[in-house]
Amino acid sequence: METTNVKAYGTASADAALAQMDIQRRTVTAKDIEIDILYCGVCHSDLHTARNDWEFTTYPTVVGHEIVGKVTKVGSEVTKLKVGDFAAVGCMVDSCQTCDSCRQDLEQYCSNGFTGTYNGKDKHLGGMTLGGYSEKIVVEEHFVLKVPANLDLAATAPLLCAGITTWSPLRHWKAGKGSKVAVVGLGGLGHMAIKLAKGLGAEVTLFSRTPGKEKDALELGADSVIISTEADQMGAVNGKFDLIIDTVPYIHDINPYVGTLNTNGTLVIVGYLGGIEPFLNTVPMIMGRKSVAGSLIGGIAETQEMLDFCGEHNIVSEIELIKIQDINEAYERMLKSDVRYRFVIDMASLK
């Protein structure tokens with residue numbers, strides 16, 4: 001297969017800084033769309049992959065899966081978009097398209113494993129897929145999304161991961177008018193959960209460990225803030241919430257939050273992968289038919305639904321725009337939660 005050389009920013013090892021490198025992109029096939037990348041959001045998954053925190057990174061790697069850009073070429077069979085359109089690519093660039101999950105538009109749960117935008121098996125060129133910290137990307141039409149014309153392109157980028165990660169559970173558990181939704185953690189995921197839940201018409205509460213987030217949460221659309229370290233405040237919302245979106249990305253005690261669910265309520269973990277510590281007490285779950293669940297991004301149809309909803313309600317992420325040359329510093333700041341609330345790379349800085 002013919003390829004094109006493009007500039008990218010990546011790393012050759014877990015302990016090496018990200019730096020400029022050249023990578024190969026395939027030439028457009030009949031069902032492909034080529035996108036000139038304008039903006040790429042920075043996700044915690046990027047950092048974990050670049051530094052091999054999950055111990056499955058193949059090097060060299062180029063990360064980035066919150067991609068917004070302009071279509072520069074389309075294959076002969078493409079009908080979804082045309083040259084000059086604004087387009088987006090999220091966390092997936094392929095799946096089997098034949099299993100039960102894929103046939104239900106749940107490609108994120110593909111029984112054969114979806115192909116990630118980076119560090120996935122590249123069926124076209126061999127090796128591993130390379131992500132959005134690059135000039136261009138070529139993706140099969142099904143996995144490319146349309147960007148509503150009214151949205152700020154840079155602030156749209158994080159919707160492709162942070163947005164859909166919180167939208168999918170909100171839709172699956174039917175959040176809307178009359179719902180009481182709580183969000184645990186006010187970061188990249190948490191601030192999108194508040195915006196989207198509020199947009200759907202829910203009553204929204206933020207759980208925070210410290211009072212410092214109250215002003216921001218209310219400005220983002222939360223109706224109230226509960227300081228989770230204050231026993232009296234937690235007691236006041238015992239049995240209140242239909243749905244809790246837990247966005248915290250590290251081990252933490254979820255038991256206090258389970259107690260604030262109402263009968264049939266569900267706490268959905270979207271931020272943390274791993275074992276729960278301390279142990280999960282099943283008593284309030286059994287006595288109130290309460291559930292603890294997990295959720296992973298969303299399928300392509302659901303992601304397009306989310307983008308269209310955001311276009312209708314003018315919902316985008318709160319971002320700090322950076323140059324690609326500042327990505328290593330941005331990673332260090334992310335580890336300190338020193339961003340409000342998502343870094344986005346201006347890919348013009350790579351030209």
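**Exercise 1. Find which residues the ring pairs link into a cluster.**

Solution. Start with the criterion: rings of Phe, Tyr and Trp (its six-membered ring) pair if their centres lie within 6.5 Å. The structure holds four aromatic pairs. Ring pairs join Phe-207, Phe-241 and Tyr-257 into a cluster.

A word on the source: this is a predicted model, in which local features need pLDDT of at least 70 and side-chain atom pairs count only at pLDDT 80 or more, while totals for chains, interfaces and linings use all residues. Residues are numbered from 1 along each chain as its sequence is written, and side-chain values use heavy atoms, with hydrogens and water left out.

**Exercise 2. Work out how enclosed helix α4 is, and what its buried residues pack against.**

Solution. Helices are DSSP runs (H or I, at least four residues), as are strands (E, at least two), numbered from the N terminus. Next, sort by exposure: buried means under 20% relative accessible area, exposed over 50%, and partly exposed in between (1.4 Å probe, protein chains only). Helix α4 spans residues 162-172, and nine of its 11 residues are buried, so the helix is largely enclosed by the rest of the structure. Among them are Trp-167, Pro-169 and Leu-170. The buried residues of α4 pack against β10 (180-184), α5, β13, β14 (261-269), α10 (300-313) and β17 (342-346). Just past the helix, Lys-174 has a positive phi of about 60 degrees.

**Exercise 3. Describe the largest nonpolar core and the helix that gives the most to it.**

Solution. A nonpolar core is a set of buried Ala, Val, Leu, Ile, Met, Phe, Trp, Tyr and Cys residues joined through side-chain atoms within 4.5 Å. The largest one has 92 residues, and those with the most contacts inside it are Tyr-133, Leu-170, Ile-194, Ile-327 and Tyr-331. Helix α5 (residues 188-199) gives the most to this core, with six residues. Now take Ile-194: leaving aside neighbours within four places in sequence, its contacts (heavy atoms within 4.5 Å) include Val-183, Leu-206 and Leu-220. A second, separate core of 17 residues includes Val-237, Val-258, Leu-267 and Met-285.

**Exercise 4. Place Ile-251 and list what it touches.**

Solution. First, locate Ile-251 in the loop between β13 (241-246) and α8 (255-258). Its relative accessible area is 41%, so Ile-251 is partly exposed. Not counting residues up to four places away in sequence, Ile-251 touches Tyr-272, Gly-275 and Glu-277. Finally, Ile-251 and Pro-278 lie 27 residues apart in sequence and 8.7 Å apart in space, C-alpha to C-alpha.

Note on methods: Phe/Tyr/Trp six-rings, centres within 6.5 Å; stacked < 30°, edge-to-face > 60°.
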